[in-house]
Each structure stands twice: as C-alpha cells, then as structure tokens.
Amino acid sequence: MSDVEQPEAAQVAAPAVVEAEPAAAAEFFGEHIDGVRAFAAALTKHGEELGLIGPLELPRLWTRHLLNSGLVAPLLRPGRVADVGSGAGLPGLVLAIQRPDVDFVLIEPMERRVAWLERQVAELGLQNVTVVRARSEEARMDDSFTQVTARAVSALRTLIPITAPLLKDGGELVLMKGSSVEREIDAAAKVFRKYRVTEPEVLVLGEGIVPEAELTRVFRAIVH
Ligand SMILES: C[S@@+](CC[C@H](N)C(=O)[O-])C[C@H]1O[C@@H](n2cnc3c(N)ncnc32)[C@H](O)[C@@H]1O
C-alpha cells in the first residue's frame, strides 16, 4: 500500500450514475413524457440528498421506479384515488401526471416527504393532487375512494387494514407487490375476510416495456 496521502477528492464517493431515459419511455408515457421527465430531473437533483431515493436506485430510476409506477395508470378509472405511503411520489405523482382525469390524494406521514410532495405538485403544475400528512389509519378520510394504490409500504396482511377502509363499497385495491405476493396472499386470508376483500387477482405488468426482471406484480381486489 502506498504511504502517499490520498488527495481529498479521491476519498469522496463518486455521485451515482443516473439511468438514461430508456427508449420505451417516450412511447409509453406519450403526451405526458415531459411531466415525467421533469419529475425524473427533480428526483435526480434532490432525491438522494433528501433521503427520498437511495444511491443504488438512481442507476435504475426509470425502469425500477418511473416506468414501474406508470404501469398501473391503465388500471385506474376516473374517480378518486388514494395513494397510501407515497414517499417520493411513487406511484402517486407519476400516476397523477399520466391521469389528469383522476383525483389523487397522497397520504404520507413523514413531514419531509410531505414537503417534497407538495413542492413537486406545485412545480409540476398538477391540479389533480392533494397531499395529506397522516398515517393512513389515522387520516380521518371518508370512505369515498374508488381505488387505493400503494407501493413498497408493507405486506398484504398489514397493508389491507390501512388501505381497504378508505374505499367506498365496490372500490378496488391496486397494490404494487414484489415476487412474494403469492405468499403474502396466503398469509392474509383472515384479513381478507375481515375487510371484505373479494375477487383477488395478481396481474403481471410491463412486458415489452421493462426488462423481464423488472416486471411488476399488482394485487387487485374489490372491497364490499
Ligand atoms: C418504503 S417507502 C415507499 C415509498 C413509495 N411508495 C415508493 O414506492 O418509493 C414506505 C412509505 O410508506 C409510508 N408509510 C408507512 N406507514 C404508513 C401508514 N400507516 N400510512 C401511510 N403511509 C405510511 C412511509 O412514511 C414511507 O414514505
């Protein structure tokens, strides 16, 4: 080992390389691509410093996060959608950019994340988003939502009790899940009965849009 002191610059971690916009993105997001690009630029500039997105995530910002979130947009119906645990705005802000015909309420308890979400709503000029600072179970929301989304919040057994009560009768859960979704479904049978979760199904989304390894699983069910 050299006993020559390393120059200070060499000891500072190199900034993460940010994933370039994939070719599929412009076609997938269509007329909304500029909004998604603006959100991507904001996440790239501030996401790591504000603790919204880890350094390991910037190299897969588009495939793992923006496209992944956007895959849910075609499942939404005109109405009111609550996104529980929005964090950096995934999937809530991406969906709000894609679906100006849908009203979104982003429910997030952490003050810093709420400030970020509110700033992004203003900077992106989104007219269809309200941000609520609360834990979902304490949010004092009426049960008037047509659909509820959530991504990376918790396993179904604990996620259903904080999402299903927000839905009006016949409303739909649209919960983004990883490869453990089938195991989570098995573990949640009692909770499904308690919260009247019916017709559960798992959709696999993203074929032809994201690489095979990044296909997204969505747990979808009706609440009566
Ligand atoms: C791992 S982050 C995921 C954030 C974002 N959905 C994403 O996919 O990047 C989980 C988020 O859920 C929020 N959260 C945790 N418990 C919650 C609850 N009971 N109600 C609403 N949000 C909650 C956390 O504050 C955090 O921002």
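## Around the ligand

A residue counts as near a molecule if its C-beta atom, placed from the backbone, lies within 6 Å of it. By that test, 18 residues surround the ligand, with Gly85, Gly87, Arg135, Ser136 and Arg151 the closest. The shell splits into 9 nonpolar (Ala, Val, Leu, Ile, Met, Phe, Trp, Tyr, Cys, Pro), 5 charged (Asp, Glu, Lys, Arg) and 4 polar residues (the others, Gly among them).

Keep in mind that this is a predicted model: local features need pLDDT of at least 70, side-chain atom pairs count only at pLDDT 80 or more, and totals for chains, interfaces and linings use all residues. Numbering runs from 1 along each chain as its sequence is written.

## Helix α6

Helices here are DSSP runs (H or I, at least four residues), numbered from the N terminus. α6 takes in residues 111–123. Arg113, Trp116, Leu117, Gln120 and Val121 are its buried residues, meaning that 20 or more other C-beta atoms lie within 10 Å of their own (exposed is 12 or fewer). They sit on the same side of α6, because their arc around the axis (directions from the helix axis to the C-beta atoms) is only 135°.

On the face turned away from that buried side are the exposed Glu111, Arg112, Ala122 and Glu123. Cover for the buried residues includes α3, α5, β2 and β3. After α6 comes glycine 125, with a positive phi near 65°.

## A residue to click on

Which residues does leucine 175 touch? Leaving out residues up to four places away in sequence, leucine 175 touches Ala150, Leu159, Thr163, Val218 and Phe219 (contact means C-beta atoms, placed from the backbone, within 7 Å).

Technical notes:
Helices (H or I, at least four residues) and strands (E, at least two) are DSSP runs, numbered from the N terminus. The expected span of a helix is 1.5 Å times one less than its number of residues. Two residues are in contact if their C-beta atoms, placed from the backbone, lie within 7 Å.
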